[in-house]
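User: I've got a model open and would like to talk through its contacts. Can you take me through them one at a time?

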Amino acid sequence: FDMDGRAECFYSRGVYFAHRSRYSHHYAFRSSDLEGTIPAADGPYFHLLIVHVLRGAIKTQPDPWREEDRQRPGAGRLALGDEFDSVEGGPHRPLLAGPGEDDSLMCVVYKSSQAMAEFVVTYKCRQEPAGPRPPDQELAAFMRQYNLNIKKCTSIILQAKKFKADEVKLLARFLGGPEVHG
C-alpha cells in the first residue's frame with residue numbers, strides 16, 4: 001500500500017480505506033481489460049480491493065485536521081501518539097470534507113503492515129436514470145449501476161472464482177447494504 005500520499009489529505013499522509021465502496025469507486029483502478037493488465041483512465045473495467053485493516057485503538061476524528069497539522073513530517077503518527085493505532089474520520093466525500101453524495105466514513109492507518117488485501121472486485125459501470133431514489137432502494141440502485149448481482153453472483157468476477165456464502169455476506173456488508181442470507 002502506498003504510504004507516500006499527499007500531505008493535504010484529510011488526516012495527513014497515510015493509507016486511506018473507505019467503509020463504503022461508493023466512495024472508493026472514485027479512486028478505483030481502471031483498465032481496458034477484465035484482468036486489469038492494461039491500465040486505461042477511461043477503461044470500462046473498475047477494480048477495487050476488499051481489504052482487512054487492523055485498526056487497533058481508534059481515534060475518532062469527524063473533521064479533517066488543520067492544514068498546518070497535516071503538513072508536518074510524520075503528522076499522522078504524531079497525532080496518534082502511543083495511545084491510538086488508526087483514525088476513523090468523516091463521513092467525507094471524495095476530495096471534499098463532510099457528508100454528502102458518495103460519502104463514507106474512512107479509516108486511516110500509518111503503517112502498511114496494518115492492511116492486507118483479500119479480494120479484487122472487478123466490475124463495469126452503466127448509467128442509471130437521473131432523479132432521487134428512496135433510501136431503502138439505494139443498495140439496489142448501486143447494484144444495478146455497477147452490474148452487481150449479489151444473490152446470483154453472475155456479474156462480479158472475483159479472482160476467477162465463484163463467491164462462497166460468507167464472501168457474499170462480506171461483499172454485502174462492504175457495499176453498506178442489508179445482510180444477505182442464504
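User: Let's start with charges: how many salt bridges does the count come to?

Analyst: Bear in mind that this is a predicted model. A pair counts here when a side-chain nitrogen of Lys or Arg lies within 4 Å of a carboxyl oxygen of Asp or Glu. By this rule, the number of salt bridges is three.

User: Which residue meets R22 in a salt bridge?

Analyst: R22 belongs to helix α1 (residues 21-24), while its partner sits in the loop between β5 and β6 (104-109), so the contact ties together parts 81 residues apart in sequence. Both side chains of this pair are buried. The N to O distance is 2.6 Å, and the partner is D103.

User: And what about E88, which residue does its side chain meet in a salt bridge?

Analyst: E88 lies in strand β5 and the other residue in the loop between β3 and β4, so parts 33 residues apart in sequence are tied together. E88 counts as buried at 19% relative accessibility, whereas its partner is partly exposed at 21%. The salt bridge has an N to O distance of 2.6 Å, and the partner is R55.

User: In the salt bridge of E68 and R66, is R66 buried or exposed?

Analyst: The N to O distance in this pair is 3.5 Å. E68 has 48% relative accessibility, which makes it partly exposed. R66 has a relative accessible area of 52%, and the cut-off for the top class is over 50%, so R66 is exposed.

User: Switching to the sheet: which strands stand at its edges?

Analyst: Four strands form an open sheet with mixed pairing, in the order β1-β6-β5-β4. Two of them have a single partner strand each, so one side of each is left without a neighbour in the sheet. Neighbouring strands here are turned by 25° against each other on average, direction ignored. The edge strands are β1 (15-18) and β4 (58-61).

User: Which residue in β5 stands opposite T60?

Analyst: β4 runs parallel to β5 (residues 86-92), and four bridges join the two. The residue opposite T60 also takes part in the salt bridge with R55. That residue is E88.

User: On to the rings: are Y23 and Y27 stacked or tilted?

Analyst: A search of the whole structure turns up four aromatic pairs. For Y23 and Y27, the ring centres are 5.6 Å apart and the planes meet at 40°. Stacked would need under 30 degrees and edge-to-face over 60, so this pair is tilted.

User: How many residues apart in sequence are the parts that F46 and Y123 tie together?

Analyst: Their ring centres are 5.3 Å apart with planes at 15°, so the pair is stacked. F46 is buried at 7%, and Y123 is buried at 6%. F46 lies in strand β3 (residues 45-53) and Y123 in strand β7 (residues 115-124), so the separation is 77 residues.

User: Last one: how many residues does the largest nonpolar core have?

Analyst: In soluble globular proteins, nonpolar side chains tend to be buried together. Here F10, Y11 and W65 are linked into a cluster by ring pairs, and the largest core includes them along with Y23, L80 and M106. Another core lies apart from it, with seven residues, among them F46, I50, F119 and V121. For the largest core, the size is 10 residues.

Notes:
Residues numbered from 1 in each chain as written. Predicted model: local features only at pLDDT ≥ 70, side-chain atom pairs only at ≥ 80, totals over all residues. Heavy atoms only, no water. Pairing = 2+ DSSP bridges. Axes fitted to C-alpha atoms, helices over the stretch in contact; angles between N-to-C directions. Phe/Tyr/Trp six-rings, centres within 6.5 Å; stacked < 30°, edge-to-face > 60°. Buried < 20%, exposed > 50% of the residue type's maximum accessible area, 1.4 Å probe, protein only. Core = buried A, V, L, I, M, F, W, Y, C linked by side-chain atoms within 4.5 Å.
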